[in-house]
2 protein chains.
Amino acid sequence: MEIKKFLGIDVGGGSVRGSVIDKSGKLYHEDKIQTQIDWKNEEFLQALIGLVDKIIKVQMPDAIGIGTPGPIDMDLGTIIKSANLSSLRNTPVVSSLKEKFNLPVYFNNDANCAALGEYYFGKGKGSSNVIVLTLGTGLGCGWVYNGQIFNGYKGNGMESGHITVIMHGAACGCGKFGCAEAYFSATGLLNRYKDKTGEELKSAEEFFRKVSEKDDNCVKILQFSTDVLAELIRNLIHAVNPQKVIMVGGLTASYNLFEERLVNRVKNIIWPVFKEYTEIMVGEKIAGSYGAAALCFE
Amino acid sequence: MEIKKFLGIDVGGGSVRGSVIDKSGKLYHEDKIQTQIDWKNEEFLQALIGLVDKIIKVQMPDAIGIGTPGPIDMDLGTIIKSANLSSLRNTPVVSSLKEKFNLPVYFNNDANCAALGEYYFGKGKGSSNVIVLTLGTGLGCGWVYNGQIFNGYKGNGMESGHITVIMHGAACGCGKFGCAEAYFSATGLLNRYKDKTGEELKSAEEFFRKVSEKDDNCVKILQFSTDVLAELIRNLIHAVNPQKVIMVGGLTASYNLFEERLVNRVKNIIWPVFKEYTEIMVGEKIAGSYGAAALCFE
């Protein structure tokens, strides 16, 4: 029996990468193009189709999985809009690929693909209850339960960046207040710094550099935001009892600056039964395209 | 083909009730005994077996489902302890019934049984994603997803009373701070009243009577606690996207005193996609024994 191969495509802020892999994670072929952040629908779809075309001439897959920033409409197979690719609007990803290539196409948001990547190829392997938090510009989340990604209603499952941890708290990008994302995300940390000092930092890297240099404001903001992240993890544990809570994304590069406080705090506030059960950890650097390919596995 | 019949037993603070029903909710026989709040393990199990014995002599069921206050250990089939029946400790409910009656026995906590009751016989009928909040002494919760109760790890699924809504907030009975239960439960409301006034009220009924009489402290506490309940519901919606959030339990008798604020507040803070999707409502008064019987349906 021939081993099935799957083309996973990750639409990221820097590049669009396509990888043909099998269920074991063996790579057969890979290619990428640079992301143009001002892509309009047609330009983006043309570039995407060009990339797929090039890849499948070398290695034909049995199905295509694609992960993009969201919000997406899973029912329609469209990107509703995207913070990174701000000229896209209701982009018909699935129908475009299906029409052109006549292959099954699976579609999800990038956080859910990251979760599947960790579940199949990373730290989540073999666990029946895994939550992956993507700590980047925003705070995304995916939940893999009994081997399946939880999509919820139209793909809005586990949007834990917008779980309230401090009622009437800091303003969030979503327009509401006190969401976890308003504290523990690049945007959240920089906004809290601006609240406190009136000054703007250029990036999360700069923020964490200042933490390393013991800048008092940054240290205090990171401590407070870490406590918020701990409460978010508590909430997820008490709601759906994950065995593993895996953090991925850019901010985990600075995990050493908040790990001890985070882990101690979570252990302190969760129910005793979970103290020996739930593990908190940083994930492996699984390519988004592998997670996207995993959309085809089920 | 004979219709299968199930004996559901609800262990409540006032009585232990057993009902033999079928999947349609048709009642074949029913009986109850009074709860003795100082029951020790042996006395409780003897009373329970006596009740079952009496019932099955009239109507033999195909299986037994039993719901009790918790925390319970689903794996062991025991009540770990119970706030209402405070002399019980690691009570072997399942093994005792199985040994005596040689029937399949299904066991869960009372909040999960309440959720199944609403799902099969109440307002949750026909929905694939239902959350039931039990607003009583504490704040319990059950989640019925795709027709199955979510038990999570050892039956600790969806313990949403202990989801943090206000980090570093009011002290909760669980020993931590800012849990939803610390605000919206009989215990929470009375404790918040005591914090504010230094005085103790006898019961939630008294609290709500004072709200009706426009007592300023009670009105303000109820408003604040209602806002907390709204944030909890937001958190549950953003996490697992329920189509219906159904409230049951003693405090819903006073729903008219907080309905408008609650519903408006939830609509205001949830994502637009859920505004037309998720409904919030008070459940029907489904007997706990019906929910317990529903444990046998799967």
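Which residues of S8(B) are buried on one side, and which on the other? In this predicted model, B:Val105, B:Phe107 and B:Asn109 lie on one side of the strand, B:Tyr106 and B:Asn108 lie on the other, and all of them are buried, which leaves both faces of S8(B) covered. Strand S8 of chain B spans residues 105–109, and because five of its five residues are buried, the strand is largely enclosed by the rest of the structure. It helps to look at a partner of this strand as well. Strand S4 of chain B, residues 63–68, runs parallel to S8(B) and is joined to it by five bridges. Within this pairing, B:Gly67 stands opposite B:Asn108, a residue already met among the buried ones of S8(B).

A second pairing can be followed in chain A. Here five strands form an open sheet of mixed pairing, in the order S11-S10-S9-S12-S13. Its edges are strand S11 (148–149) and strand S13 (279–282) of chain A, each of which pairs on one side only. Inside the order given, strand S9 (residues 129–135) and strand S12 (residues 244–248) of chain A pair in the parallel sense over five bridges. A:Leu133 can serve as a landmark here, as it stands opposite A:Met247 in S12(A).

Back in chain B, a single loop residue is worth a visit. B:Leu251 sits in the loop between strand S12 (244–248) and helix H7 (259–269) of chain B. Is B:Leu251 buried or exposed? A residue counts as buried if 20 or more other C-beta atoms lie within 10 Å of its own; B:Leu251 has 27 within that distance, so it is buried. Apart from neighbours within four places in sequence, its contacts are B:Leu135, B:Gly136, B:Ala186 and B:Ala204. The chain also brings B:Leu251 and B:Phe184 to 9.1 Å from each other, C-alpha to C-alpha, although 67 residues separate them in sequence.

Finally, the two chains can be viewed together. In the contact between them, 28 residues of chain B meet 28 residues of chain A. Helix H6 of chain B (residues 216–240) supplies the largest share of chain B's side, with eight residues. By character, that side divides into 13 nonpolar, nine polar and six charged residues. How are the two copies related? Chain B is superposed on chain A by a rotation of 180° with 0.0 Å of shift along the axis, at an RMSD of 0.0 Å. This is the relation of a two-fold axis. Both copies use the same surface, as 100% of the contact residues of chain B recur in chain A.

How values were computed:
Residues are numbered from 1 along each chain as its sequence is written. Chains are lettered from A and ligands numbered from 1 in the order in which they are written. This is a predicted model: local features need pLDDT of at least 70, side-chain atom pairs count only at pLDDT 80 or more; totals for chains, interfaces and linings use all residues. A residue is buried if 20 or more other C-beta atoms lie within 10 Å of its own, exposed if 12 or fewer, and partly exposed in between; C-beta atoms are placed from the backbone. Helices (H or I, at least four residues) and strands (E, at least two) are DSSP runs, numbered from the N terminus. Two strands pair if DSSP finds at least two bridges between them. Two residues are in contact if their C-beta atoms, placed from the backbone, lie within 7 Å. Ala, Val, Leu, Ile, Met, Phe, Trp, Tyr, Cys and Pro count as nonpolar, Asp, Glu, Lys and Arg as charged, and the others, Gly among them, as polar. Copies are superposed by least squares on the C-alpha atoms of residues with pLDDT of at least 70 in both.
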